[in-house]
Amino acid sequence: MPPRLRCPKCGAGLCELACSECGVRFPKLGEIADLRVFDPPYDSKDADWQHATELLRKSSQVSLADLIVFHFQSRPGPEGVTLPPDLVRRYINFKVNAREREQKQREEARSLMACLGVPVADGGLAVDIGCGTGGALVVLSAEFDHVIGIDISMSNLALAKKRLEEHDVLNVTLLAGCAESLPLPDGSARYVTASDVIEHVRDQERFMRDAYRLLDADGCFRLNSPNRYTLGREVHVNVFGVGFLPRAWQSRFVQIMRGIPYEHKRPLSYRELVCLCRAAADDKHRALTETEVIRHASIPAASTKGLLRRAVISSPFGAWVVSTLERRFGRSYVALLWR
Ligand SMILES: C[S@@+](CC[C@H](N)C(=O)[O-])C[C@H]1O[C@@H](n2cnc3c(N)ncnc32)[C@H](O)[C@@H]1O
Ligand SMILES: [Zn+2]
């Protein structure tokens, strides 16, 4: 059974989506309750609601992949800008392949938790914050009694609903909500995950605190996020060097390089991520880089590059050099927080 929802505005318990404390009654689109307290990044709530309604209507006629293509083709990009075709392809692939990506991440999380002595959760409630098109929801639905997927975009939730239907998943509840004001009670979740979300939220500190608040006594929170100072391309816009500029110059730079704005994106440095973990969870935290995850999690290396990397990081000195470099310049981080 999913837990009783709490009012995202005042924290009181909700009864039939109505709050007796602050008097707000939250609406529902189909089966998806709308508990958002502010607009999604690129749209107003109303425009997003309308687009989601259209997706839900079309959903029974087409496949998930076709629905995702329709989603991108039938509306403008951020701030009404037309996105370059390579980025549209990139975003479509990201959404279509969400389940495969999440499957790999979940396997890594399980072995990491086991290596670090964190209880590996089975059963209970799992919450995916910023669930997007629901890749993790399908994966987690097989392991937990109930799963809640929360996202600020009703359109993404309409796509997630289609994915759940395609996989005959029945133990998942979708909620439109803000990561900074989660509509769930303290200590209600065994496992909380947020994949590629923290760099998009309005208030990263509140997001971390609220996610941690959900954990029960054995709970674990896993997140991953791209590195601000990666030597590779900035993942959202496919441009080198963005993170090395002062934040105030980044949007101008991306505008010049790609002709699109760089807004609602704030990838963190390793130090920033560790500081946020500390602030949210005192000393019960770990932040790890990709290499450290591979080292801890004994994941089979799929490529020659992976094998080489594994050979280097299996010696203590190699591991130290590679992980120091990766902390500074690697592609992404994983952070684990638990009680
Ligand atoms: C890059 S996508 C990642 C989606 C999914 N976790 C995945 O890995 O496929 C980021 C997601 O975060 C959601 N998001 C952004 N800001 C949010 C907020 N403040 N609260 C909740 N979700 C948010 C977006 O709507 C989007 O679905
Ligand atoms: Zn209230």
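**Exercise 1. The shell around ligand 1**

Task: Determine how the residues of the shell around ligand 1 divide into nonpolar, polar and charged, and state which of the 19 residues around ligand 1 come nearest.

Solution: Begin by keeping in mind that this is a predicted model. Sorting the residues of the shell by character gives 8 nonpolar, 7 polar and 4 charged residues. Turning next to distance, the residues that come nearest to ligand 1, out of the 19 around it, are Gly130, Gly132, Ile152, Ser153 and Ala179.

**Exercise 2. The protein as a whole**

Task: Work out how many helices and strands the protein has, and explain why it can be called as compact as a globular protein of its length.

Solution: The first step is to count the secondary structure, which comes to 12 helices and 13 strands. The second step is to set the radius of gyration of the protein, 20 Å, beside the value of the globule rule for 339 residues, which is also 20 Å; the two are close, so the protein is as compact as a globular protein of that length. As a third step, look at the C-alpha trace, which spans about 60 × 50 × 35 Å along its principal axes. Finally, consider how the chain packs: buried residues make up 44% of the 339 residues, and 68% of the contacts between residues at least 6 apart in sequence join residues at least 24 apart.

**Exercise 3. Tracing the open sheet**

Task: Find the order in which 9 strands form an open sheet, name the edge strands, and follow some of the pairings across it, stating whether S12 and strand S13 are parallel or antiparallel.

Solution: Start with the general principle that the strands of a sheet pair through backbone hydrogen bonds, in either a parallel or an antiparallel sense. Here the order of the strands is S3-S4-S7-S6-S5-S8-S9-S13-S12, and the pairing is mixed. The edges are strand S3 (28-29) and strand S12 (285-289), each of which pairs on one side only.

Now move along the sheet. Strand S6 (residues 146-151) and strand S7 (residues 172-176) are parallel and share 5 bridges, and within this pairing Gly149 has Leu174 in S7 as its bridge partner. Further along, strand S5 (residues 125-129) pairs with S8 in the parallel sense over 3 bridges, with Asp128 standing opposite Thr193 in S8. On its other pairing, S8 is joined by 6 bridges to strand S9 (residues 215-226), again running parallel, and here the partner of Thr193 is Arg222 in S9. Strand S8 (residues 189-195) is mostly covered, with 7 of its 7 residues buried.

The last step brings us to S12, which pairs with strand S13 (residues 332-338) in the antiparallel sense over 5 bridges; His285 stands opposite Leu337 in S13. This edge strand is also mostly covered, since 4 of its 5 residues are buried.

**Exercise 4. The nonpolar cores**

Task: Identify which residues of the largest nonpolar core touch the most other members, and list the contacts of Ala335 beyond its neighbours within four places in sequence.

Solution: The largest core holds 83 residues, and those touching the most other members are Val127, Leu137, Val192, Ala211, Phe221, Ala335 and Leu337. Apart from this core lies another one of 5 residues, including Val237, Val254, Ile260 and Tyr262. Taking Ala335 by itself, and leaving aside neighbours within four places in sequence, one finds contacts with Leu223, Leu273, Cys277, His285, Arg286 and Ala287.

**Exercise 5. Three residues in loops**

Task: Decide whether Asp168 is buried or exposed, do the corresponding step for His264 and Pro40, and say where each residue is found.

Solution: A residue is buried if 20 or more other C-beta atoms lie within 10 Å of its own, exposed if 12 or fewer, and partly exposed in between. Asp168, in the loop between helix H6 (154-166) and S7, has 8 such atoms and is therefore exposed. His264, in the loop between helix H8 (247-258) and helix H9 (270-281), has 15 and so counts as partly exposed. Pro40, in the loop between strand S4 (32-34) and helix H1 (45-58), has 20 and therefore counts as buried.

Next, examine the backbone. Most residues other than glycine have a negative phi. Asp168, although not a glycine, has a positive phi of about 50°, and His264, also not a glycine, has a positive phi of about 60°.

Finally, return to Pro40, which touches Asp48, Ile152 and Ser153 when residues up to four places away in sequence are not counted.

Notes:
Residues are numbered from 1 along each chain as its sequence is written. Chains are lettered from A and ligands numbered from 1 in the order in which they are written. This is a predicted model: local features need pLDDT of at least 70, side-chain atom pairs count only at pLDDT 80 or more; totals for chains, interfaces and linings use all residues. Helices (H or I, at least four residues) and strands (E, at least two) are DSSP runs, numbered from the N terminus. The radius of gyration is taken over C-alpha atoms; the globule rule is 2.2 Å times the number of residues to the power 0.38. Two residues are in contact if their C-beta atoms, placed from the backbone, lie within 7 Å. A residue is near a molecule or strand if its C-beta atom, placed from the backbone, lies within 6 Å of it. Ala, Val, Leu, Ile, Met, Phe, Trp, Tyr, Cys and Pro count as nonpolar, Asp, Glu, Lys and Arg as charged, and the others, Gly among them, as polar. Two strands pair if DSSP finds at least two bridges between them. A nonpolar core is a set of buried Ala, Val, Leu, Ile, Met, Phe, Trp, Tyr and Cys residues joined through C-beta atoms within 7 Å.
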